[in-house]
Protein chains: 2
Amino acid sequence: MAKRGPYEKGEAKRREILRVALEVFAEEGYRGTSLRKVAARCNLSLPGLMHYFASKEDMLTQVLRARDEAGRAHMEAYTGPDPHTESIREGARTPGLVELFVSMAAACGDPEHPAHAFFAERYPQFRTRLAGVFEELAAAGTLDGVPVPPERLAVLMLAVADGIQLQWLNDRSIDMEQPVKDLMALLGVAAARRP
Amino acid sequence: MAKRGPYEKGEAKRREILRVALEVFAEEGYRGTSLRKVAARCNLSLPGLMHYFASKEDMLTQVLRARDEAGRAHMEAYTGPDPHTESIREGARTPGLVELFVSMAAACGDPEHPAHAFFAERYPQFRTRLAGVFEELAAAGTLDGVPVPPERLAVLMLAVADGIQLQWLNDRSIDMEQPVKDLMALLGVAAARRP
DNA sequence: GTCTATACATGGATAGAC
DNA sequence: GTCTATCCATGTATAGAC
């Protein structure tokens with residue numbers, strides 16, 4: 001399974017492309033960023049770049065995936081009540097990527113879309129993880145009296161985290177963490193943490 | 001102010017184009033719908049259509065504006081606690097338009113984007129209206145004990161309504177009304193309506 | 001396997017005639 | 001106000017060099 005030798009160089013180049021693409025999107029936004037521009041930054045011709053990816057959207061999907069995995073490590077260990085906050089804070093530094101994420105999420109409803117599988121996986125995964133967190137809180141009695149079950153709380157929290165990004169894209173002065181905190185406060189969790 | 005004569009025909013044609021464009025987007029989705037396709041449906045050539053709009057995105061913006069005004073009448077009179085529910089229900093019938101809306105909202109962070117002004121108006125407007133509703137509820141004592149002020153509740157509710165659309169675009173089986181109801185339930189409003 | 005050159009189809013945009 | 005013709009950029013597909 002240890003693929004050494006001929007693959008090594010190509011893999012490195014592929015990662016370099018993803019890294020450069022991430023940069024370009026973060027700087028100039030998703031819109032108006034052509035593959036030729038990315039290719040040029042990698043000292044490559046367009047077809048040279050396309051050797052590594054089946055299509056543009058395939059590349060975008062891999063960018064998203066790489067980004068997602070990078071961010072995942074960042075909050076893997078986090079088991080607190082608001083696991084989203086950390087990734088949100090990181091996203092606030094890269095508007096282009098937030099735009100990319102939201103645009104792709106909006107466009108990939110079509111089953112033919114290359115990113116369809118990505119989000120079709122990602123959303124349920126996120127919901128399940130969040131639901132798990134809320135179930136723990138419920139088991140601990142922290143959610144006593146809350147009239148919404150953990151699964152629906154997960155949907156709600158995810159909607160808040162996604163939705164606030166849309167507002168933020170249109171007004172950068174908006175605090176992306178506040179609504180997450182507010183929702184937690186509504187659940188009474190904040191009160192429980194009072195020293 | 002009553003512009004009669006030469007303008008009448010052009011205005012009618014412009015509205016027809018917007019109506020047709022709305023149809024096409026609703027049917028075939030926002031992605032993969034070219035201006036030539038829209039033009040053909042209006043018995044026009046591409047430049048014939050472009051006579052009415054500065055650019056593609058300018059046209060999309062006007063489509064959004066027309067759509068928004070049409071929907072506004074639908075809920076103008078509504079003063080209840082969840083004014084979003086009605087428009088959400090209507091949106092559920094036209095995935096293409098929801099996709100268009102979200103995509104534009106994601107892309108228009110750039111001040112140069114034609115839709116920038118539209119959303120820069122729309123979001124604060126919505127927040128203000130929602131904040132007003134929550135302030136009324138607060139004045140009536142319905143929000144006693146809620147640890148979040150009306151303005152932030154408005155941001156929160158808007159985020160929920162926008163965010164659930166993203167989830168819905170990726171999984172049509174998701175109930176777009178439920179999270180709105182759940183948030184209201186968390187605010188204790190549902191309890192107040194118990195008979 | 002890695003990459004260049006080239007050709008093609010389609011999209012949005014513009015110029016200028018009618 | 002609308003068309004024909006044209007232009008440029010983009011994503012994509014193919015042929016083939018190394």
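Biologist: What rotation and shift superpose chain B on chain A?
Modeller: A rotation of 179° with 0.0 Å of shift along its axis, giving an RMSD of 0.3 Å. The fit is by least squares on the C-alpha atoms of residues with pLDDT of at least 70 in both copies. The two copies are thus related as by a two-fold rotation axis.

Biologist: Which residue of chain B comes closest to the rotation axis?
Modeller: Gly163(B), with its C-alpha at 1.8 Å.

Biologist: Any ground rules for the numbers?
Modeller: This is a predicted model, where local features need pLDDT of at least 70 and side-chain atom pairs count only at pLDDT 80 or more, while totals for chains, interfaces and linings use all residues. Residues are numbered from 1 along each chain as its sequence is written, chains are lettered from A and ligands numbered from 1 in the order in which they are written, and side-chain values use heavy atoms, with hydrogens and water left out.

Biologist: On to the DNA. Which residues come nearest to strand C?
Modeller: Gly10(A), Ser45(A), Tyr52(A), Arg36(B) and Lys56(B), out of 18 residues around DNA strand C. A residue counts as near if one of its heavy atoms lies within 4 Å of the strand. Sugar and phosphate make up 48% of the strand C atoms that come within 4 Å of the protein.

Biologist: What does the side chain of Arg36(B) sit beside?
Modeller: One of its N or O atoms is 2.8 Å from a base nitrogen of DNA strand C. Polar contacts here are pairs of N or O atoms within 3.5 Å. For Leu35(B), a polar backbone atom is 3.0 Å from a phosphate oxygen of the strand. Gly10(A) has a backbone N or O atom 3.2 Å from a phosphate oxygen.

Biologist: Which helix gives the largest share of that surface?
Modeller: H1(A), with four residues. Helices are DSSP runs of H or I with at least four residues, numbered from the N terminus.

Biologist: Different topic. Is helix H9 of chain B mostly covered or mostly open?
Modeller: Mostly covered: seven of its nine residues, 178-186, are buried, meaning under 20% relative accessible area with a 1.4 Å probe, protein chains only. Asp182(B) is among the buried ones, as are Leu183(B) and Met184(B). Just after H9(B), Gly188(B) has a positive phi of about 85°.

Biologist: And what does Phe134(A) touch?
Modeller: Beyond neighbours within four places in sequence, its contacts (heavy atoms within 4.5 Å) include Leu143(A), Leu153(A) and Met184(A).

Conventions
A polar contact is a pair of N or O atoms within 3.5 Å; within protein, one must be able to donate a hydrogen and the other to accept it, and residues adjacent in sequence count only if both atoms are side-chain atoms. Helices (H or I, at least four residues) and strands (E, at least two) are DSSP runs, numbered from the N terminus. Buried means under 20% relative accessible area, exposed over 50%, partly exposed in between (1.4 Å probe, protein chains only).
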